[in-house]
Amino acid sequence: GEHGGEVRTELDHVQGQLTLRVFNRPGEGHAKLLALDDTGCIFKKGVRLHPTDSVSSGDGAWIMTKCAEAMDGTCSIAFSEQGTVFEFKCTAHEHVGDEQIISFVMPRHVRAIGIDDAPVQRIIMRSMFNILGVPPENVTLWGSTSEEIDGFDALLAEEVRQHPECIFIVLSDENLDVDDGLRTVSGSEHLERVRGMLTADQEARTLLLVRSANDSDADLELYSSRAHGSLAKDPLQREGLLRAIVPQWLRRFGSFAREVRATDNVVFSAEQLHDALATEVCELLARIEGEDAWVDWSRTWRLLHAIKGNMQSLGRGKSQRVVMAIERMRCLVEAPADWAAVWQGLRADVCTALAVPSIDEKIGSPVQGPSRLSGANGLGLGSR
């Protein structure tokens, strides 16, 4: 660069990507630099761009490249008649402190959309958006009909297009059951298709999160590849929710100047949510009672998976036995040989976790159906 000339430095931080640019005016030997076919050669070990009597070993640019690679970043340089531009890029997420998390309230121009086939989970989603400070009139919940589930990608893409002034936060259940549980639609696949339907500018206004009871490393990697992140089906507690969402929000959009608004007007009390959750789980248990697991294990498994997702909303302590018991059956292609014993233990654990005496008492009617669990031998093992 020019000896004693002006050097200008620019720094950008957009959606978790840090870009540092250094501008230098043309100096001695600049014409030689303009003639280079490959500017990348500058970053090779031992390359010198100054007189040979210099004490430099020529490793400076090479060292910068190695440092950038250590941070999963890149270095580049460009020469023009106006001067030289050095650029360094790397991922750099904004530090999120406790004060930022606890005091976080979303801007008023946010619209929230949630989709879940389970009514109680839609209730929980509405309360989650309320805790985050999204105005009730800006909240939309889908999943009560097969049309909403099958058309979710198109519905969401149209919402984003219709409101160019808004930021969207979207929570999608991963396993969306339709046709009375006969078919399961992937929420993350829907979100992936939505990203393909939107322009880059439109997608930049969205935070698409998968909400799932499955949180293995492989599951989370899949969700991140299809959407912008994920959210576990944990209990509805304000601080826990903020700690899960705010870092993802800030990585996506950065900081906003936010006005403080009261968010204490929770749509449903903790007792109401627990009661709704218990009722839905007991209804799912009753449906399994009416199924023949030996005949259609895939249908029984879908109901068990729905129970797992709802139970996780109680908290890992209360639901751990139930969740682990269901998770052990994940890879089965048919009912386990000791299904009757497994089912009786699972029922008992669910009732204990929900603090309900029995399924019948909770849903207000006796269980009816041709269950293999009520066979003449008292165990209902039946024949396979």
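Axes here are lines fitted to C-alpha atoms, taken for helices over the stretch in contact, and angles run from 0 to 180 degrees between N-to-C directions. With that in hand, the packing of two helices in this predicted model can be described. Helix α7 (residues 187–197) and helix α9 (residues 217–226) have axes 8 Å apart and meet at an angle of about 25°. Because angles under 35 degrees count as roughly parallel, α7 and α9 are roughly parallel to each other. On the α7 side the contact is made by Ser188, Glu189, Leu191, Glu192 and Arg195, while α9 supplies Tyr223, Ser224, Ser225 and Arg226. By class, this contact has 4 charged, 3 polar and 2 nonpolar residues.

Confidence is worth a look alongside the geometry. The protein has a mean pLDDT of 80, with 81% of its residues at 70 or more. Among its elements, α7 has the highest mean pLDDT, 97, and helix α15 (residues 359–363) the lowest, 58. Residues 257–266 have pLDDT below 50, and this stretch has 20 contacts in the model beyond near neighbours in sequence. Over residues 365–384 pLDDT likewise stays under 50, and the model has 37 contacts for them beyond four places in sequence.

Attention turns next to Glu327, a residue of helix α13 (residues 316–327). Glu327 has a relative accessible area of 32%, so it is partly exposed. Not counting residues up to four places away in sequence, Glu327 touches Asn214 and Lys308. Lys308 is 19 residues from Glu327 along the chain, and their C-alpha atoms are separated by 8.2 Å. The side chain of Glu327 is also joined to that of Arg330 by a polar contact of 2.6 Å.

Technical notes: Residues are numbered from 1 along each chain as its sequence is written. Side-chain values use heavy atoms; hydrogens and water are left out. pLDDT is the predictor's confidence in each residue, from 0 to 100. Helices (H or I, at least four residues) and strands (E, at least two) are DSSP runs, numbered from the N terminus. Contact means heavy atoms within 4.5 Å. Buried means under 20% relative accessible area, exposed over 50%, partly exposed in between (1.4 Å probe, protein chains only). A polar contact is a pair of N or O atoms within 3.5 Å; within protein, one must be able to donate a hydrogen and the other to accept it, and residues adjacent in sequence count only if both atoms are side-chain atoms. Angles under 35 degrees count as roughly parallel, over 145 as roughly antiparallel, 65 to 115 as roughly perpendicular and the rest as oblique. Ala, Val, Leu, Ile, Met, Phe, Trp, Tyr, Cys and Pro count as nonpolar, Asp, Glu, Lys and Arg as charged, and the others, Gly among them, as polar.
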